[in-house]
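Reader: I've got a model open and I'd like to walk through how its pieces fit together. Mind if I fire off some questions while we both look?

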Amino acid sequence: MSLEELCGLKAFLKTTNCSNSMWQISEHDFQEITSNFNNPYRLMAPVPGTPDLTNASLKIDHGTTALGFVYQGGIVLCADSRSSSGINVSTQTMDKIVPVSSQLVGTLAGGSADCTYWYRVLARESRLHELRYKRPMSVDAAAKMICHVSEMHRGTGLNMGLLLAGYSPKGPSLVYVDSDGVNISGKRFSVGSGASNALGILDPMYRFDLTDEEAFDLALQSLCQATLCDATTGGMVVLYHVGHAAHRIVRKVDCMELHKKYSLDARNFS
């Protein structure tokens with residue numbers, strides 16, 4: 001079974017001298033290796049025979065750029081789609097802006113597997129919160145959950161830098177939270193290896209009273225600067241708008257098109 005291979009059960013069966021059927025292992029062993037199916041906060045135990053990397057220095061450089069800011073028309077999020085591992089580009093089509101619920105959207109930076117898994121858990125908890133309390137989970141509550149996860153798995157190599165955006169009765173909320181337990185609310189943020197490059201454009205040009213088109217253009221120009229200066233940022237640039245009633249993808253554009261557009265604008269301006 002493909003699911004058997006995906007979960008590592010076949011390797012487990014070989015080490016326990018069982019046949020190919022996963023149902024012939026003991027109930028205790030089966031529950032142990034699939035513990036996160038019932039409790040997503042308890043990660044699946046390593047397959048027996050996996051090398052012990054507890055004391056290994058396994059540091060892989062990650063690269064991305066994601067940004068977000070609040071303005072009078074809502075919240076704008078923008079991110080690239082390139083996923084890399086060290087000097088290698090893994091894919092150019094990584095979705096780094098993730099709808100968690102009807103009221104909550106997040107961005108990814110750091111380890112793709114870490115971010116993807118915990119966003120799935122967050123989506124589950126958000127839905128359960130809506131069913132229990134008849135109201136959507138707030139951005140602050142979602143950020144606190146990620147902070148608790150960071151504390152639970154401190155020292156295990158968890159690598160996340162997330163922007164959480166959404167609306168509450170108090171208005172738009174934008175929060176930065178990461179695997180070190182940092183939890184900061186603010187009006188504008190940029191995350192990832194190209195963050196400083198994007199902020200070089202975003203910081204001096206940001207105003208709260210931007211129109212929709214001005215806000216969209218500022219986000220694209222800031223992300224374009226990051227793709228120019230940071231080799232691990234690139235691919236498609238996704239522009240996302242979070243409004244009071246709904247959130248939507250505004251635009252997807254190749255970073256090469258942005259290079260042509262803004263380099264031409266710069267020449268005309270000079």
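Reader: Let's start with one residue: is Ser173 buried or exposed?

Author: Before that, a quick note: this is a predicted model, with local features needing pLDDT of at least 70 and side-chain atom pairs counting only at pLDDT 80 or more, while totals for chains, interfaces and linings use all residues. Residues are numbered from 1 along each chain as its sequence is written, and side-chain values use heavy atoms, leaving out hydrogens and water. Ser173 has a relative accessible area of 17%. Since buried means under 20%, exposed over 50% and partly exposed in between (1.4 Å probe, protein chains only), the label for Ser173 is buried.

Reader: And which residues does Ser173 touch, not counting those up to four places away in sequence?

Author: Ser173 lies in strand S8 (residues 171-178); strands (E, at least two residues) and helices (H or I, at least four) are DSSP runs, numbered from the N terminus. A contact here is heavy atoms within 4.5 Å. On that basis, the residues touching Ser173 are Ile75, Val139, Leu164, Ala165, Gly166 and Ser168.

Reader: What's the order of strands in the open sheet that contains S8?

Author: Two strands pair if DSSP finds at least two bridges between them. This open sheet has five strands with antiparallel pairing. S5 (97-99) and S9 (183-185) each have a single partner strand, so one side of each is left without a neighbour in the sheet. Reading across, the order is S5-S6-S7-S8-S9.

Reader: How many bridges join S6 to S7?

Author: S6 covers residues 104-107 and S7 covers 161-168, and the two run antiparallel. For a marker on screen, find Thr107, which stands opposite Leu163 in S7. The number of bridges joining S6 to S7 is four.

Reader: Which strands of that sheet does H6 touch?

Author: Start with H5, which packs on the sheet against S5, S6 and S7, its direction making about 25° with that of S7. Axes are lines fitted to C-alpha atoms, for helices over the stretch in contact, and angles run from 0 to 180 degrees between N-to-C directions. H6 packs on the sheet too, at about 5° to the direction of S8. The strands H6 touches are S6, S7, S8 and S9.

Reader: Which residue between H5 and H6 has a positive phi without being a glycine?

Author: Look in the loop between H5 (112-133) and H6 (139-152). The residue there has a phi of about 60°. It is exposed, at a relative accessible area of 71%. That residue is Lys134.

Reader: Over to the other open sheet: what's its strand order?

Author: This one also has five strands, paired antiparallel. S10 (188-192) and S12 (247-254) are the edge strands, pairing on one side only. The twist averages 15° from one strand to the next. The order is S10-S1-S2-S11-S12.

Reader: How many of the residues of S2 are buried?

Author: S2 (residues 74-79) is joined to S11 (residues 236-242) by five bridges, with Leu77 standing opposite Tyr240. S2 also pairs with S1 over six bridges, and the two strands form a hairpin with two residues between them. S2 is mostly covered. Of the six residues in S2, the buried count is six.

Reader: What is the bridge partner of Ile75 in S11?

Author: Ile75 is one of the residues that Ser173 touches. S2 and S11 run antiparallel, and the partner of Ile75 in S11 is Val242.

Reader: At roughly what angle do the axes of H7 and H8 cross?

Author: H7 (residues 195-205) and H8 (residues 212-229) have axes that come within 6 Å. H7 passes H8 in a right-handed crossing (the near helix is turned clockwise from the far one by less than a right angle; anticlockwise would be left-handed). The pair is therefore roughly antiparallel, given that angles over 145 degrees count that way, under 35 as roughly parallel, 65 to 115 as roughly perpendicular and the rest as oblique. The crossing angle is roughly 150°.

Reader: How many nonpolar residues are in the contact of H7 with H8?

Author: From H7 come Asn197, Ala198, Ile201, Leu202 and Met205, meeting Leu218, Gln221, Ser222, Gln225, Ala226 and Cys229 in H8. Ala, Val, Leu, Ile, Met, Phe, Trp, Tyr, Cys and Pro count as nonpolar, Asp, Glu, Lys and Arg as charged, and the others, Gly among them, as polar. The contact has four polar and no charged residues, and the nonpolar number is seven.
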